[in-house]
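Student: I have a protein open here and have never looked at it before. Can we go through it together?
Tutor: Yes, ask as you go.

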Amino acid sequence: MCIRDSIYDIVNDGRYLYAAIGNSWPLALAVVMIDPLTMTTVATWNDTYDGATGVRYLYHDGNYLYAFVRSSTVPNRIFKINTVSMTTIATWTGVYLSQNLGGITGDGTYIYAGDSLITPRLHKINPETMATIDEWVGPSSIGDIGSVTYLGGFVYAGTYLNLPPYDPFRVYKVNAATMAHVDVYIGSAEEKDVRRVVNDGTYLYAGLYTSPGIVVKINPATMTRVGRWEGRSGENYVLDLSLDSEHLYAVVAVAPTQAISCLLYTSPSPTRPY
């Protein structure tokens, strides 16, 4: 039996929601399929993996669901899941023992998964074979990958240094075809510890685990900052970001946790729409 405690990620396929459940080894891994109309469980995917500490990231490519699983004892693994039967049909296993996962995204043809073991790595994976076909390796001095997103032929990897001196976060622009570094955004002194990078088709948004929480708006063409939102007193640590047709929502750590509508796409400077 799977004990469900923390939800690490949630995605949708246009019909159902899929929630990544964080569990402590040796409990089974779990992804829960939810009907958004009734908010009830439709089905549950379960599997096991040595040293697993839960499903941390999810990605849906329009056909299959991919669950990125962190392990504390063996290399991390991605499970390819048939959402009709909610069963595992293939897996990808990393080469290195990596303590940190950095997200998963795709371009409709390939999957891109980030992880770190001293040096951050961005893996390009063929979903048909679940084999690595290329990778980008970042400098060891930049720390861990916190999140990845794909936009217009490029993969953007947000990185942060998890140890003193906690240098400013960075977003690396990587050519998806060649997996070569193209450009980088480096944050200001107080912009550290990126937890999520998303895009609206035009701009990038980076949510930072700072006090108060910060969201940085980046122009991907120039890799420069074009706006910034900062939480009010007590609105600390951006844990996640989500988009709709008008706003960007930041989940921040307050008591209780809140989702704040913090950015208007059409606004040149980040503002609250209320």
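Student: Which loop is Pro212 found in?
Tutor: Pro212 is in the loop between β18 (204-208) and β19 (214-219). Keep in mind that this is a predicted model.

Student: Is the peptide bond from Ser211 to Pro212 cis or trans?
Tutor: That bond is cis, and its omega is near -5°.

Student: How confident was the predictor overall?
Tutor: The average pLDDT of the protein chain is 86, and 87% of the residues score at least 70. Residues 261-269 are a weak spot, with pLDDT below 50. In the model that stretch still has 38 contacts beyond near neighbours in sequence.

Student: OK, the general build. How many helices and strands?
Tutor: The protein chain has 23 strands and zero helices.

Student: How much of the chain is buried?
Tutor: Of the 274 residues in the protein chain, 50% are buried. As for the outside, the chain exposes about 12200 Å², and 52% of that comes from carbon and sulfur atoms.

Student: What share of the contacts comes from residues 24 or more positions apart?
Tutor: Among contacts with a separation of 6 or more, such residues account for 39%.

Student: Let me pick one strand. How covered is β5?
Tutor: Strand β5 spans residues 52-60, and eight of its nine residues are buried.

Student: And in which sense does β5 pair with β6?
Tutor: The pairing is antiparallel and runs over six bridges, with β6 covering residues 65-71. Within this pairing, Tyr59 stands opposite Tyr66 in β6.

Student: What sits between those two strands?
Tutor: Four residues separate the strands of that hairpin. In this hairpin Gly62 takes a positive phi near 100°.

Student: Which residues other than glycine have a positive phi?
Tutor: Met130 is one of them, with phi near 55°. Asp193 is another, and its phi is also near 55°.

Student: Where are they, and are they buried or exposed?
Tutor: Met130 lies in the loop between β11 and β12. Its relative accessible area is 5%, so Met130 is buried. Asp193 is in the loop between β16 and β17, and at 15% relative accessibility Asp193 counts as buried.

Student: New topic: charges. How many salt bridges are there?
Tutor: The structure holds eight. As background, side chains of opposite charge can pair when their charged atoms come close.

Student: Give me one. What does Asp9 pair with?
Tutor: The side chain of Asp9 meets that of Arg196, at 3.3 Å from N to O. Asp9 lies in strand β1 (residues 6-12) and Arg196 in strand β17 (residues 194-199), so this salt bridge ties together parts that are 187 residues apart in sequence.

Student: Are those two buried or exposed?
Tutor: Asp9 is buried, and Arg196 is buried too.

Student: What about Arg121, what does it meet?
Tutor: Arg121 and Glu135 form a salt bridge through their side chains, at 2.8 Å from N to O. Arg121 is in strand β11 (residues 119-126) and Glu135 in strand β12 (residues 131-137), 14 residues apart. Arg121 has a relative accessible area of 18%, so Arg121 is buried, whereas Glu135 counts as partly exposed because its value is 27%. The cut-off for buried is under 20%.

Student: And Glu190, which residue does it bridge to?
Tutor: Glu190 forms a salt bridge with Arg228, and their closest N and O atoms are 2.6 Å apart. Glu190 is in the loop between β16 (181-186) and β17, while Arg228 is in strand β20 (residues 224-230), 38 residues away in sequence. Both are partly exposed, Glu190 at 39% and Arg228 at 24%.

Student: Which residues share in that network?
Tutor: Glu190, Glu191, Arg225, Arg228 and Glu230 are joined into one network by salt bridges that share partners.

Student: Last thing, the surface. Which residues make the nonpolar patch of about 500 Å²?
Tutor: The patch is made by Val95, Tyr96, Leu97, Leu117 and Ile118. Of these, Leu97 is in the loop between β8 (87-93) and β9 (100-106).

Student: How exposed is Leu97?
Tutor: Leu97 has a relative accessible area of 35%, so it is partly exposed.

Terms used:
Residues numbered from 1 in each chain as written. Predicted model: local features only at pLDDT ≥ 70, side-chain atom pairs only at ≥ 80, totals over all residues. Heavy atoms only, no water. pLDDT = per-residue confidence, 0-100. Contact = heavy atoms within 4.5 Å. Buried < 20%, exposed > 50% of the residue type's maximum accessible area, 1.4 Å probe, protein only. Pairing = 2+ DSSP bridges. Areas by Shrake-Rupley, 256 points an atom, 1.4 Å probe, with all protein chains shown as cover. Patch = residues over 30% accessible without salt bridge, like charges linked within 9 Å, V, L, I, M, F, W, Y side chains within 5 Å. Salt bridge = Lys/Arg side-chain N within 4 Å of Asp/Glu carboxyl O.
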